[in-house]
Amino acid sequence: MDSLFAQTFRDFAILISDDGSTDATLSILADYKQRYPGRIRILDPHHSTGSARANFARLIDFATADYVMFCDHDDVWLPNKIALSLEKMHWAENEHGPQTPLLVHTDLVVTNSALETVHPSYMRYSSIDPARHSLAQSLMQNTAVGCATLMNRALYERARPFPSEAAIHDCWCTLVAATFGKIYYVDESTILYRRHKNNLIGVAKWNISLIVTLALKTVMATDILMSLVLKSLQAKALLTAYADVMTSEQRKTAAALADLWSLRRTARVLVLLRHGLLMNRLLRNVGLFVAVSTYGTSRRSFWYPRLMRAIYLLLRKPKALVIRFLTHAGRVASRTVQQSGTAEEEVENGSMSYWRCLRRIHTQLEPSLYLEIGVAKGNSLALAKCRAVGVDPEPQITAALPSTASVVKTTSDHFFDIEARTILGSTPDFVFIDGLHHFEQTLRDFIHVELLAAPHSLIIVDDIFPNHQAQAERERRTQVWTGDTWKLHAILEKYRPDLYLLALDTRPTGLLLVAGLDPASRLLWDSYDSIIEVYGRHCGPPREVLLRQAAFPPKHSTLSHVAELLKKCRDGKLRAPEVVRRLRAVQALA
Ligand SMILES: C[S@@+](CC[C@H](N)C(=O)[O-])C[C@H]1O[C@@H](n2cnc3c(N)ncnc32)[C@H](O)[C@@H]1O
């Protein structure tokens with residue numbers, strides 16, 4: 001901390017996340033806070049996140065500054081660290097503009113725990129070429145050390161939220177910078193990089209003993225193999241987060257690493273070579289080739305990386321493994337406890353399953369772009385034969401998704417807040433809203449989707465017919481659960497009489513079909529606060545909702561006529577009111 005406050009550049013603040021320390025850290029920080037008023041913000045004390053990645057991810061979620069640097073608790077910054085990095089950053093922003101994700105990193109002095117210099121240059125000590133910044137190179141070996149990097153806002157906003165598959169926070173930021181922006185290196189050491197046996201992330205001198213150790217580890221399939229498997233998972237996470245906005249070349253490179261373990265052993269080296277997925281130094285690459293061509297078969301491709309990750313965590317981070325296991329067990333247990341109503345409370349109605357109804361609509365509508373809010377296991381997302389984007393903060397995919405589908409792991413609010421338009425690339429023809437079952441969330445999802453939609457787009461909202469009062473409670477305690485999403489139907493009827501609405505009698509909890517969308521309409525936004533106030537007052541679903549009095553049979557041919565008509569409207573010639581007039585005419589004939 002003293003070395004931070006001794007910087008020649010002084011206009012900065014420090015954001016701290018204490019990761020469950022049991023020593024005097026918090027009282028030391030309180031002391032610094034008093035000595036430097038207004039310069040330090042400590043996030044609410046947090047139970048341990050279990051990893052440096054998760055703790056830095058927490059910090060990045062709270063970041064608001066124009067520029068951000070990571071700081072490890074045990075490193076000592078040299079006085080010109082911020083000034084030097086910032087100078088390069090300003091130069092880079094002049095070259096590329098501040099909206100370009102930019103990462104600047106420097107060299108480090110390697111020291112022992114007593115801060116005695118072991119080597120003046122981390123890059124030379126570890127035999128790493130800092131100029132290796134391409135996406136392929138960064139996927140295989142990160143050259144920017146977290147505590148020696150500076151990021152601009154465009155980069156950290158693009159990189160968050162950090163996925164749990166990110167090897168470590170700095171690797172993820174480098175990958176995002178390599179994909180969407182630029183990386184610059186300052187060939188000067190700006191930090192005393194203290195290495196002691198408790199360091200979570202290692203640095204090793206590139207000498208004969210390291211080479212022999214690496215060779216042995218390779219033959220015994222331990223560290224190298226595990227780190228490779230982690231890199232594959234990280235590449236997969238990169239695709240999950242950004243596939244839609246990556247170039248096709250970048251997608252191919254990341255997919256080559258992500259799918260490496262499903263290839264035949266003989267093909268793996270060729271694929272690595274073809275995509276330039278290589279490490280620093282010939283010997284490291286020899287180890288790499290031995291590892292990938294010796295271990296794993298396609299049959300194991302699903303379990304193998306996961307098993308390796310579990311072994312890796314068990315050996316290297318047992319605490320993280322225990323936390324992960326307990327969190328998972330806690331989630332499963334709370335779901336089991338929460339979601340079991342009586343037989344009467346779990347009652348289901350409907351003349352066709354929602355899934356079958358959605359499948360029919362996909363066939364009839366033939367959308368070019370499908371958007372889904374709330375993916376869960378991927379069962380409904382898997383129905384899309386076209387390009388499809390799913391959004392879910394906690395997807396648990398078990399369905400076989402087509403290669404045209406991708407899942408953005410975040411909440412719908414965050415998705416629409418970031419670059420939903422860029423990720424989607426075009427107007428969605430079909431949207432399924434099935435995320436959080438609280439009416440205000442479903443309403444916001446609807447408003448956000450309509451902004452991106454066109455008069456020919458179709459939105460379907462799930463869960464508008466609870467079958468029992470218990471299913472409509474906001475706190476989930478039944479398997480069949482609608483929450484108070486049913487209120488959206490009433491809200492749209494009242495505030496948007498211009499829309500075409502059709503409530504379908506599907507199992508288990510009904511679907512609401514909405515068409516004739518008007519992206520220019522501000523009616524819902526303008527009334528949002530009063531809607532929340534009025535509909536937020538506690539009330540259960542009325543009798544007509546429970547009895548599905550407004551429900552329309554999903555097997556009726558009207559549904560295919562609606563799909564046909566919307567398909568024809570894709571030429572963009574009709575405005576929303578005319579689309580609605582024609583849809584109502586179709587229904588009047590039914
Ligand atoms: C009912 S499940 C989706 C089921 C899926 N559409 C299907 O039919 O197979 C609801 C999902 O919404 C997700 N979810 C919860 N809050 C969300 C939010 N704020 N944004 C997007 N998804 C959310 C949950 O993680 C859960 O996976």
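This report describes a predicted model of a single chain, moving from its overall make-up to two groups of strands, one residue and the ligand surroundings.

Residues are numbered from 1 along each chain as its sequence is written. Because the model is predicted, local features need pLDDT of at least 70 and side-chain atom pairs count only at pLDDT 80 or more, while totals for chains, interfaces and linings use all residues.

**Overall make-up**

The chain has 25 helices and 17 strands, where helices (H or I, at least four residues) and strands (E, at least two) are DSSP runs numbered from the N terminus. Of its 590 residues, 40% are buried; a residue is buried if 20 or more other C-beta atoms, placed from the backbone, lie within 10 Å of its own, exposed if 12 or fewer do, and partly exposed in between. Among the contacts with a separation of 6 or more, 72% join residues 24 or more positions apart, a contact being two residues whose C-beta atoms, placed from the backbone, lie within 7 Å.

**The seven-stranded sheet**

An open sheet of seven strands follows the order β12-β11-β10-β13-β14-β17-β15, with mixed pairing; two strands pair if DSSP finds at least two bridges between them. β12 (405-408) and β15 (500-504) stand at the edges, each with a single partner strand, so one side of each has no neighbour in the sheet. Neighbouring strands are turned by 15° against each other on average, direction ignored, with axes being lines fitted to C-alpha atoms, for helices over the stretch in contact, and angles running from 0 to 180 degrees between N-to-C directions.

Strand β14 (residues 458-462) is largely enclosed by the rest of the structure, because five of its five residues are buried. Leu458, Ile460 and Asp462 lie on one side of β14 and Ile459 and Val461 on the other, and all are buried. From β13 the chain crosses through helix α19 (residues 439-452) to β14 in a right-handed β-α-β crossover, meaning that, with the strands pointing away from the viewer, the path from the first strand over the helix to the second runs clockwise. Helix α19 lies across β10, β13 and β14, and runs at about 165° to β13.

The pairings below include some from this sheet and some made by strand β5.

| Strands | Sense | Bridges | Opposite residues |
|---|---|---|---|
| β13 and β14 | parallel | four | Ile433 and Val461 |
| β14 and β17 | antiparallel | four | Ile459 and Val514 |
| β10 and β11 | parallel | five | Glu372 and Gly390 |
| β5 and β8 | parallel | nine | Val109 and Leu192 |
| β5 and β7 | antiparallel | three | His105 and Thr149 |
| β5 and β6 | antiparallel | two | Thr111 and Thr117 |

**Strand β5**

Strand β5 (residues 102-111) is mostly covered, with ten of its ten residues buried. Together with β6, strand β5 forms a hairpin that has five residues between the strands, and Leu115 in the turn has a positive phi of about 65°.

**Tyr354 and the ligand**

Tyr354 lies in helix α16 (residues 354-365) and is buried, with 22 other C-beta atoms within 10 Å. Leaving aside residues up to four places away in sequence, Tyr354 touches Asp462, Thr506, Arg507 and Leu511; the C-alpha atoms of Tyr354 and Arg507 are separated by 5.6 Å, although these residues are 153 residues apart along the chain.

Around the ligand there are 17 residues, of which Gly374, Ala376, Ser380, Gly435 and Leu436 come nearest, a residue being near if its C-beta atom, placed from the backbone, lies within 6 Å of the molecule. This shell has six nonpolar, seven polar and four charged residues, with Ala, Val, Leu, Ile, Met, Phe, Trp, Tyr, Cys and Pro counted as nonpolar, Asp, Glu, Lys and Arg as charged, and the others, Gly among them, as polar.
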